[in-house]
Amino acid sequence: MNDLIPVKVECYSGYKADEYPICFYWGNICFDIKEILDRWYQADSYAEWPAANYFKVETLNGQYFLLKHEMKPDHWYLVVKGESMNLQA
């Protein structure tokens, strides 16, 4: 099971708002995003799984994270799997 930790995210806004994340804040720590490694969309086919964008990112300090952006409530989360706090490339 995945845990969702609410985070504050700053985004690039091009042809649409919140196009992709450029950094996120977990507590008082800012994680600048070096690269978006993968991204995918989750359709809202189930009420318990609202429409969302997922971003697998690498930070400037070489850590890997998975961010989730729930579209309708406009909430961002850090996805944590079990005890792991970051992903391997």
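1. Let us start with two sulfurs. The sulfur of cysteine 23 lies 4.1 Å from the closest cysteine sulfur, that of cysteine 30, and this is too far for a bond. The cut-off explains the verdict, because a disulfide is a pair of cysteine sulfur atoms within 2.5 Å. Cysteine 11 has its closest cysteine sulfur in cysteine 23, at 8.6 Å, again too far for a bond. A search of the whole structure finds zero disulfides. Is cysteine 23 buried or exposed? Cysteine 23 counts as buried, at 4% relative accessibility. Here buried means under 20% relative accessible area, exposed means over 50%, and partly exposed is in between (1.4 Å probe, protein chains only).

2. A word on what you are looking at. This is a predicted model, in which local features need pLDDT of at least 70 and side-chain atom pairs count only at pLDDT 80 or more, while totals for chains, interfaces and linings use all residues. Residues are numbered from 1 along each chain as its sequence is written, and side-chain values use heavy atoms, with hydrogens and water left out.

3. Now the overall plan. The chain has seven strands and zero helices, so reading along the sequence gives β-β-β-β-β-β-β, where helices (H or I, at least four residues) and strands (E, at least two) are DSSP runs numbered from the N terminus. Of its 89 residues, 35% count as buried. The chain exposes about 5,800 Å², and carbon and sulfur atoms supply 52% of that area; such areas come from the Shrake-Rupley method with a 1.4 Å probe, and for residues only the protein chains shown count as cover.

4. In what order do the strands sit in the sheet? The seven strands form an open sheet in the order 1-7-6-5-4-3-2, with antiparallel pairing. Strand 1 (2–6) and strand 2 (8–12) are the edge strands, each pairing on one side only. Neighbouring strands of this sheet are turned by 35° against each other on average, direction ignored. That angle rests on axes fitted as lines to C-alpha atoms (for helices over the stretch in contact), with angles from 0 to 180 degrees between N-to-C directions. Two strands pair if DSSP finds at least two bridges between them. As background, strands of a sheet pair through backbone hydrogen bonds, either parallel or antiparallel.

5. Try tracing one edge of the sheet. Strand 2 is joined to strand 3 (residues 20–26) by five bridges, and the two run antiparallel. Glutamate 10 stands opposite cysteine 23 in strand 3. Along strand 2, Val9 and Cys11 point to one face and are buried, while Lys8, Glu10 and Tyr12 point to the other and are not. In a regular strand the side chains alternate between the two faces of the sheet.

6. From the other edge, strand 1 pairs with strand 7 in the antiparallel sense over five bridges, and asparagine 2 stands opposite lysine 81 in strand 7. Why is strand 7 (residues 75–81) described as largely enclosed by the rest of the structure? Because five of its seven residues are buried.

7. Histidine 69 helps you follow the middle of the sheet. Strand 5 (residues 52–59) and strand 6 (residues 64–70) pair over seven bridges in the antiparallel sense, and histidine 69 is the bridge partner of asparagine 53. Histidine 69 also has tryptophan 76 as its bridge partner in strand 7.

8. Have a look at the turn next. Strand 6 and strand 7 form a hairpin with four residues between them, and aspartate 74 in the turn has a positive phi of about 55°. Aspartate 74 is not a glycine, and at 41% relative accessibility it counts as partly exposed. For context, most residues other than glycine have a negative phi.

9. Two residues of strand 4 (residues 29–42) round off the picture, one being glutamine 42 and another isoleucine 33. Glutamine 42 is buried at 18% relative accessibility, and its side chain makes a polar contact with that of tyrosine 54 at 3.1 Å. A polar contact is a pair of N or O atoms within 3.5 Å; within protein, one must be able to donate a hydrogen and the other to accept it, and residues adjacent in sequence count only if both atoms are side-chain atoms. Isoleucine 33 is buried too, with a relative accessible area of 14%. Leaving out residues up to four places away in sequence, isoleucine 33 touches several residues, including Phe24, Val57 and Leu67; contact means heavy atoms within 4.5 Å.
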